[in-house]
Amino acid sequence: MAAGADSCFLGFDFSTQQLKVVAVDGNLEIFHQSSVHFDSELPQFRTQGGVHIHEDKLTVTSPALDLLLEKMRSSRFDFSRVKAISGCAQQHGSVFWKTGARKTLNNLSPQQPLYDLLQECFSVPDAPVWMDSSSFRECEALEESVGGAQTLADITGSRAYERFTGNQIAKIYSWKPKEYSDTERISLISSFAASLFLGDYAPIDYSDGSGMNLMDIFHKQWSPVCLNATAPGLSERLGELTPSTGVLGTVSCYFSERYGFSHNCDVVAFTGDNPGMFFDVLEISPSVSGHHRFDAEGRKVSSFSPDVEIRALVEGQFLAKRFHAQKLGYKIVKNSRVLATGGASSNHDILQVLSDVFDAPVYTIDVPNSTCLGCAYRAAHGPTDTHRLERGSSFSEMLRNTSKPQLAVRPQAGSKEVYAPMLVRFAELEEQILQEMKPL
């Protein structure tokens, strides 16, 4: 049952290159969208593709929430109508809050922008994000400490990956012990974003927390053996975990007084961008730098002809996604289907290759900013008082009248015979590359 017509819900997406927001009304219809593109609209931070890339491969995103909310206010957006907010963020990024930062969060002055207020709140100014590929040694140490890659996967859902947050934390502890010692809380970017709205530290949700190589996915709590192998005092710095649908509290007085949010506006747990709504194409490939081309005999080559290069790029991307999805436990069975979103989902030729590689039909949904929209839906589903949704109504029931995915393409005849052996060959070549890139 949808909320009243005067209600609205916000979904935020703190992605790598931009910050976006979608507003839906009580009938779940989009009526407002806005965004801030980091490179073009915040040139003072000199980002490229939304990040700084350092020699050690650590990266950092730009602040943008102030600018986004000011844009909304300039468009006369009525924040008082907002009943709840939720959001998502690029996964595997970490924010290190300096000792004393919580007190600052609890006492934000509505007369100043967040950027000015939070300048001294971070013990590690350059926050690592998902592009970090510098923690190979930490990954090896973590796997060894728990009894091997398979044991780690049995606990956390995956072997150790360079970009996963636990290994980023281990590197910070090893390389910057003073900064780690001066850290009172470590957030994921998703829980960092929720913390801004709460005016207090927000817990990490189960879903985003499962991509850290630190969480026992079966018991939904931090794994002691993984914590101990990563850094001392880590449990206290991470805080408690929370269900991904939980209501964390209401927006802080800062947002009520500065922008006019209702004091009763709920903050629903923020999560990673993948589970925010749809699957993301960047999240299940290994962190390997460089260009690696092989001919039909398995020999490395420097280039292909333009037509072969394009085909190889598209096929290689999709083979990588299928291979690593299967390594994480996903199975392509008879009723499997692929849901494609984003700009490339309008290209029939690309979708056909995707369908052929996965040997499954591909569906698309004609919805802009699908991840933001998913978070707005989650915001609408989270609150449970009588003026909003009926208590106990399911998420799927709430969405029964929204847009449904439409069939775009089916696998071509014979595609399985073509791509099954290619998948095996892809796995062999990837392992070869990984072995070659191991440090001596």
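**A tour of helices, cores and cysteines**

Start by selecting helix α5 (residues 136-146) and helix α6 (residues 149-156) in this predicted model, where the two axes come within 7 Å and cross at roughly 85 degrees. The helices α5 and α6 are therefore roughly perpendicular to each other. To see what joins them, show the side chains of Leu 142, Glu 143 and Val 146 on α5, together with Ala 149, Thr 151 and Leu 152 on α6, which make the contact. Coloured by class, the contact of α5 with α6 has four nonpolar residues, one polar and one charged.

Move next to the largest nonpolar core, which has 49 residues, and select Leu 10, Phe 12, Leu 65, Ile 85, Phe 255 and Phe 261, the members that touch the most other members. Helix α9 (residues 189-198) gives this core its largest share, seven residues. Apart from this core lies another one, of 24 residues, among them Phe 96, Val 124, Leu 152 and Ala 231.

Now centre the view on Ile 85 and, leaving aside its neighbours within four places in sequence, look for its contacts, which include Leu 10, Phe 12, Phe 197, Val 251 and Phe 261. Cys 265, Asp 266 and Ala 379 are also among the residues in contact with Ile 85.

Finish with the cysteines, beginning at Cys 88, which is buried, with a relative accessible area of 0%. Its sulfur is 3.6 Å from the closest cysteine sulfur, in Cys 375, and because a disulfide needs the two sulfur atoms within 2.5 Å, this distance is too far for a bond. Selecting Cys 226 shows another buried cysteine, with a relative accessible area of 0%. The count of disulfides comes to zero.

Conventions. Residues are numbered from 1 along each chain as its sequence is written. This is a predicted model: local features need pLDDT of at least 70, side-chain atom pairs count only at pLDDT 80 or more; totals for chains, interfaces and linings use all residues. Side-chain values use heavy atoms; hydrogens and water are left out. Buried means under 20% relative accessible area, exposed over 50%, partly exposed in between (1.4 Å probe, protein chains only). Axes are lines fitted to C-alpha atoms, for helices over the stretch in contact, and angles run from 0 to 180 degrees between N-to-C directions. Helices (H or I, at least four residues) and strands (E, at least two) are DSSP runs, numbered from the N terminus. Angles under 35 degrees count as roughly parallel, over 145 as roughly antiparallel, 65 to 115 as roughly perpendicular and the rest as oblique. Contact means heavy atoms within 4.5 Å. Ala, Val, Leu, Ile, Met, Phe, Trp, Tyr, Cys and Pro count as nonpolar, Asp, Glu, Lys and Arg as charged, and the others, Gly among them, as polar. A nonpolar core is a set of buried Ala, Val, Leu, Ile, Met, Phe, Trp, Tyr and Cys residues joined through side-chain atoms within 4.5 Å.
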